[in-house]
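Student: Please take a close look at a single part of this model, and set out carefully how that part is tied to what lies around it. I would also like to hear beforehand which cross-links, if there are none to be ignored, should be kept in mind.

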Amino acid sequence: MRQTDMAHRISATKSLLFVIDVQKKLAPAMTNGETAIANNAKLLQAASLLEVPSLVSEQYPQGIGHTVDPLSALIDKDRVFEKMTFSCMEEGAIQQALAQSGRHQLIVGGMETHVCVLQTVLDLLDDGYQVFVVADAVASRTMDNKELGLARMRQCGAQIVSTEMVLFEWLGRAGTDPFKQVLPLIK
C-alpha cells in the first residue's frame, strides 16, 4: 500500500487492535504498567462494542504467563497467538491472521515498548501497514526505554496516539448509540 493511499484518521472499519505481550509475569516489572493495562482494557472493550477486530500475542507463555486477568476476560481465545520471536511478524500464524482481517490500520498497545512492540511495529511498517502506537497503552521496565522505543517508531513512520484519540476517532461523532456505549470508558 502506498502512503498516499492511507487515511490519516483512524477508522473503526479499517483498523484492527493488536495487543502485544501484556502478560502476568512481565506486567509487574513495567513502569506505569497498571496504566497500560487499564488503557488496553478500554481499547479492547471499545473494539468489541464497535466491532473492531483484535489480536493478542503472548511471548513464551509457559515462562512469562498468559495475558493478565483484567485483559484475558476481554479477549477471544481464538485470537490469541503464542510466539517465541520478539517481532510478532516473524510468526506465520499472526501474519496470516492479519492478512485475513483485511485491515490495514493497526492500533498497537503492549509490552515492552522497546522490544516486542518496537520490533513488531518496524516489521508492520515494512509490510505496508499504517501503524498507530498508543503511547499510554504501552510500557517498558524503564521510562527511558519506553521513550526511546516510541521515538524510534515515530522516526520510522508510526503515528503515536493516545487511548482517547483512538476512541474518539473510532466513534467519529457524538450523540450516537455507540458513543453512549463507549462514553463510560472515557469518563
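Tutor: To begin with the cross-links, a search of the whole structure, which is a predicted model, finds zero disulfides. The sulfur of Cys88 has that of Cys116 as its closest cysteine sulfur, and because the distance is 6.8 Å, the two are too far apart for a bond, the cut-off being 2.5 Å. Cys156 is likewise in no disulfide, its nearest cysteine sulfur, again that of Cys116, being 17 Å away. Cys88 counts as buried, at 0% relative accessibility, whereas Cys156 is partly exposed, with a relative accessible area of 42%.

The part I would pick out is strand 5, which covers residues 130-139 and is mostly covered, with nine of its 10 residues buried. Its setting is an open sheet of six strands with parallel pairing, in the order 3-2-1-4-5-6. Strand 3 and strand 6 stand at the edges with a single partner strand each, so one side of each is left without a neighbour in the sheet. From one strand to the next the twist averages 25 degrees.

On one side, strand 5 runs parallel to strand 4 (residues 105-111), to which six bridges join it; in this pairing Ile107 has Phe132 of strand 5 as its bridge partner. The connection between these two strands passes through helix 5 (residues 113-126), and the three elements make a right-handed β-α-β unit. With strand 6 (residues 159-161), strand 5 pairs in the parallel sense over three bridges, and here the bridge partner of Val133 is Ile160. Helix 6 (residues 143-155) belongs to this second connection, since strand 5, helix 6 and strand 6 also make a right-handed β-α-β unit.

Two further helices bear on strand 5. Helix 7 (residues 163-171) lies across strand 1, strand 4, strand 5 and strand 6, and runs at about 135 degrees to strand 5. To place the other helix, it helps to go briefly to the far end of the sheet, where strand 2 (residues 54-59) and strand 3 pair in the parallel sense over four bridges, with Phe81 in strand 3 as the bridge partner of Ser57. Helix 1 packs on the sheet, touching strand 1, strand 2, strand 4 and strand 5, and its direction makes about 135 degrees with that of strand 5. Within helix 1 (residues 33-49) lies Asn39, which is buried, with a relative accessible area of 7%, and whose contacts, leaving out residues up to four places away in sequence, are Asp136, Ala137 and Thr163.

Note on methods: Residues are numbered from 1 along each chain as its sequence is written. This is a predicted model: local features need pLDDT of at least 70, side-chain atom pairs count only at pLDDT 80 or more; totals for chains, interfaces and linings use all residues. Side-chain values use heavy atoms; hydrogens and water are left out. Buried means under 20% relative accessible area, exposed over 50%, partly exposed in between (1.4 Å probe, protein chains only). Two strands pair if DSSP finds at least two bridges between them. A crossover is right-handed if, with the strands pointing away from the viewer, the path from the first strand over the helix to the second runs clockwise. Contact means heavy atoms within 4.5 Å. Axes are lines fitted to C-alpha atoms, for helices over the stretch in contact, and angles run from 0 to 180 degrees between N-to-C directions.
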